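This report looks at how helices and strands pack in one chain. Take the structure below as the reference.

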Amino acid sequence: MLARADQGLRQERDPRSRPQPQRARVRLRLVETRSDSGRKSLTRIGTTVSIALLFAAAFVAAAAHALVAQNQFRLNALQAQEAAAASQEKALQLRVAQMEAPQRVVWVAEHRLGMVVPTKVTYVQASAPVSSPARVQGRA
Amino acid sequence: MVGPRLFSLRAVAIGTALILAGRLVQVQLLGGATYRNYGRSQMMQSAVLPTIRGPILDRNGAVLAMSVPRTDIYADPRQVTSPSAEAAKLAPLLGESQASITTLLSAKTTFVYLKKQVGNSLTKRVEALGLPGLGFLPDTTRYAPNGNLAAGVLGFLGASGNGLAGLEYQYNSLLAGRPGHSTVQVDPFGGPISGGVHRVQPPVPGSGLELTLSTAIQYEAQQALAKEVAASHARAGMAVVEDVHTGQVLAMATVVSNHGKVGVSGANDPLTYTYEPGSVMKIATFSGALVHHLITPTTVLQVPPSLNLGGYVFHDAEPHGTENLTATQIIARSSNIGTIEIAKKLGATGVYNWITRFGFGKPTGLGFPGASSGIVRPPATWSASALGSTPIGQDTGVTAMQVLDAYNTVANGGLFVRPQIVKGVVGPNGRLRRRPPPATHRVIPKAVATTLTSMLEHVVGPGGTAPAAAIPGYSVAGKTGTAQKPSTTSRGYVPGSYMATFVGFVPAQSPAISAVVVLDHPTPIYGGSVAAPVFSQVCSYALRTLRIPPPAAGSQSGSQGSGGVANGG
């Protein structure tokens, strides 16, 4: 280490060495051009936005998936409800049909309401002649 | 220089790598498809989506048969943790004994039915128990809300849900619909994966049938028939009521007596039971003779007390001396000898042709399962006595529906109209697709039909064989039949066993409905005594139900009405 320092001293004292004009040493530094700066900031923004978009997309995808799952559950529940309602409708239709069954109607009429079958049917003659219909009509 | 230990280690490593590589090739390449399918089968859950069978309705939309969704409750005993504890909770709900359910839940199997065709509310209560190892399968049950009403016409289903008899069998493919299929990607817990595979082929519900039957008239027919079968100690009875102009069957009933207990039969005898008709067959001979101008209603014929034909002696139901009777009197009194005298004028071929023209020996066109065409033998196969027996309804086999079709033809002015039971098909959307009107063809001229109607009115008159068929206020035309039953074990007939028939239509001058009533082995034996009153009761009810008023007093020609118009002829 000392040897190296002596050598440097000798070089300074060397008469052969021409005097150099004192020039201000220009310090070089990296200068960012405007475009470089813009590009960098754009890149940064782009990266940020991309990441944000990525997160947003992931969030949207997750939210959509959750929504689909939620709607799927809702759909399943509605389908089950629909099936139950349809089943209940059929059961009620059956109940109505059972209530309308002639044997039940007759039983209720005779036993609960005390009705009796008429022994004679009386037809009321219209003032104008009434002809028999040629075809069977009406509810039977 | 590699040491033996390092060598062994390398060999083991290389060997292991080779085994793994080999297994990889085996799994990924050779067995890839198999494992892929295996994986899919674990992820995919396929299910059959049950469809619902279409209903059968009457002419007014009243339900005669319908299917209702139900649930089958089953168990996988391997997953049942405590059979006795679960059975204690299930037994009161399912209405079974705890011991029997414990036995089922302890079975060494993976599937046992605990209860089939359970209703919604009970299913929910069982589900709410949250018991492990229980499962629920969708099912349907077929109901007849009117009990046994028209049971023989409707038929029934087998355990698999397919029709085995009657209309349920005839229209099975239409009523049954088509079950659907679903394939869903499921998670390990069996729940559907959102966004996963979800393929659904929805079930196609069965179409319904709207019949021409009227619930009210059908009920009345069954009741009246059952009452008469019981009163006359008959073995069975059948009745059909039809709309004269459209051929629509309004009621079709079969009643049987089993050891004195009378009930509705599951068979449909009016279409499937063949019997010798007796005197109702005389209409063919009279029609032919009128069409060919061999007789008129007032033509007088000499009727001896008996007639020997081909060695076989024919008699009338009531013994009498030689009489001179008009053609009208012959049919009104149902004289066998008189009819045979007319048949002789017509000839064997003529009698045969007229019998077949009225539809005897041919299918009715309803296509009902097991429907009989009857038996009418061609003249070439007739015995020497057949010209006597065939015109009076022996040696032939008919169904009650064929008999009604023949008389309905007369009521319809000589125009044969094919009968109908199914009015149309009700689509799953509830819309009725009506069937085209039935085919018709002329059998006898209208004038001959009118003449025959007048002659048949006398059957119900005071001098006829069936005054009991009269309906107050209306004129009735018809014919009785009292036929011996052929023996099934030997030649000849069963002594004392008869088929009693009455067939007719009302109002005679403006016919709206026709009906036939047949009793098997009744006491008394005569159609006019046992079948005619049922005809009167059922048709009287049908007229009121269909709101067909009595003809105006001036237009009525019969004697049986309460209007008191004298019997002409």
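## Helix contact and sheet in chain B

In this predicted model, B:Ala284, B:Thr285, B:Ser287 and B:Gly288 of helix α11(B) meet B:Gly350, B:Val351, B:Trp354 and B:Ile355 of helix α14(B). By class, this contact of α11(B) with α14(B) has 4 nonpolar and 4 polar residues, and no charged ones.

How do the two helices cross? Packed helices are described by the angle and the distance between their axes. The axes of α11(B), residues 282-291, and α14(B), residues 348-357, come within 8 Å and cross at roughly 110°. α11(B) is therefore roughly perpendicular to α14(B). The crossing of α11(B) past α14(B) is right-handed.

Next, the sheet. In chain B, 6 strands form an open sheet, ordered β11-β10-β9-β22-β21-β20, with antiparallel pairing. β11 and β20 of chain B stand at the edges with a single partner strand each, so one side of each has no neighbour in the sheet. Neighbouring strands of this sheet are turned by 15° against each other on average, direction ignored.

Helix α9 of chain B, residues 215-231, packs on the sheet. The direction of α9 makes about 30° with that of β10(B). Among the strands α9 touches are these:

| Strand of chain B touched by α9 | Residues |
|---|---|
| β9(B) | residues 236-243 |
| β10(B) | residues 249-258 |
| β22(B) | residues 513-520 |

At one edge, 9 bridges join β20(B) to β21(B), residues 493-506, and the two strands run antiparallel. B:Gln484 stands opposite B:Tyr498 in β21(B).

Methods. Residues are numbered from 1 along each chain as its sequence is written. Chains are lettered from A and ligands numbered from 1 in the order in which they are written. This is a predicted model: local features need pLDDT of at least 70, side-chain atom pairs count only at pLDDT 80 or more; totals for chains, interfaces and linings use all residues. Two strands pair if DSSP finds at least two bridges between them. Helices (H or I, at least four residues) and strands (E, at least two) are DSSP runs, numbered from the N terminus. Axes are lines fitted to C-alpha atoms, for helices over the stretch in contact, and angles run from 0 to 180 degrees between N-to-C directions. Two residues are in contact if their C-beta atoms, placed from the backbone, lie within 7 Å. Angles under 35 degrees count as roughly parallel, over 145 as roughly antiparallel, 65 to 115 as roughly perpendicular and the rest as oblique. A crossing is left-handed if the near helix is turned anticlockwise from the far one by less than a right angle, and right-handed if clockwise. Ala, Val, Leu, Ile, Met, Phe, Trp, Tyr, Cys and Pro count as nonpolar, Asp, Glu, Lys and Arg as charged, and the others, Gly among them, as polar.
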